[in-house]
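Hi,

Here is the structure I promised to pass on. Have a look at it first, and then read on for what turned up.

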Amino acid sequence: QQGYARWWEGCTLLQQLRGEWVSAFSSCMAFCNSSPDKKEEVSKFQHTLVRLTSLLYGSALTQVSEMSNPDFEFLDLDGFDRERLRF
């Protein structure tokens, strides 16, 4: 019974974490500059933010996963220096 309760607590905390990150991501998107002359820069920033958020969540899942080979999919990481993504 205690193991089941701990499992559910972990699931609940993981969903709460996901919700907090979605909220932070949404705020970053909402506060982007809407000026037409900054459109290209803002678009690049937004695409980078989406990819980094995907990477962040996937890394978090990898840390808590008990799978022998956690191979989570990420959004396209093209444009990132692969060496800088290693940790």
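Let me start with the pocket: helix 1 supplies the largest share of the lining of the largest pocket, four residues. Before going further, please keep in mind that this is a predicted model.

The volume of that largest pocket comes out at about 220 Å³. If you want to click through its lining, pick Trp7, Gly10, Cys11, Leu14, Leu61, Val64, Ser65, Glu66 and Phe72. The elements giving two or more residues to this lining are helix 1 and helix 2. Sorted by class, the lining has six nonpolar, two polar and one charged residues.

Next, the aromatics. Searching the whole structure turns up four aromatic pairs. One of them is Tyr4 with Trp8, an edge-to-face pair with 6.3 Å centre to centre and 80° between the planes. Both residues sit in helix 1 (residues 2-30), four residues apart, which is about one turn of the helix. Are they buried or exposed? Tyr4 counts as exposed because its relative accessibility is 52%, and the cut-off for exposed is over 50%. Trp8 has 42% relative accessibility, so it counts as partly exposed.

Trp8 also pairs with Trp7, again edge-to-face, at 5.0 Å centre to centre and with 80° between the planes. Ring pairs therefore link Tyr4, Trp7 and Trp8 into a cluster. Trp7 is worth a second click, as it is also among the residues lining the largest pocket.

Further along helix 1 you'll find Val22. With 44% relative accessibility, Val22 counts as partly exposed. Val22 and Val50 are 28 residues apart in sequence, and their C-alpha atoms are 10 Å apart in space.

Now for helix 2, which covers residues 39-64, 26 residues in total. From its first C-alpha to its last it reaches 38 Å, close to the 38 Å expected at 1.5 Å a residue. Which residues of helix 2 are buried? They are Val42, Leu49, Ser54, Leu55, Gly58, Ser59, Ala60 and Leu61. Leu61 should look familiar, since it is one of the pocket-lining residues too.

One more residue to look at is Thr48, also in helix 2. Its relative accessibility is 27%, so Thr48 counts as partly exposed; buried would need a value under 20%. What does the side chain of Thr48 reach? It reaches the backbone oxygen of Lys44, at 2.9 Å. As for Ser27, it is 21 residues from Thr48 along the chain, and 15 Å separates the two C-alpha atoms.

If you only have a minute, go to the Tyr4, Trp7 and Trp8 cluster, then to the largest pocket with its volume of about 220 Å³, and finish with Thr48 and the backbone oxygen of Lys44.

Cheers

Terms used:
Residues numbered from 1 in each chain as written. Predicted model: local features only at pLDDT ≥ 70, side-chain atom pairs only at ≥ 80, totals over all residues. Heavy atoms only, no water. Phe/Tyr/Trp six-rings, centres within 6.5 Å; stacked < 30°, edge-to-face > 60°. Buried < 20%, exposed > 50% of the residue type's maximum accessible area, 1.4 Å probe, protein only. Expected span 1.5 Å × (residues − 1). 1 Å grid on protein atoms, 1.4 Å probe; cavity = no way out; pocket = protein on both sides within 12 Å on 5 of 7 lines; lining within 4 Å. Points joined across faces, edges and corners; volume = space filled by probe spheres on them. Nonpolar A, V, L, I, M, F, W, Y, C, P; charged D, E, K, R; others polar. Polar contact = N/O pair within 3.5 Å; in protein donor to acceptor, adjacent residues only side chain to side chain.
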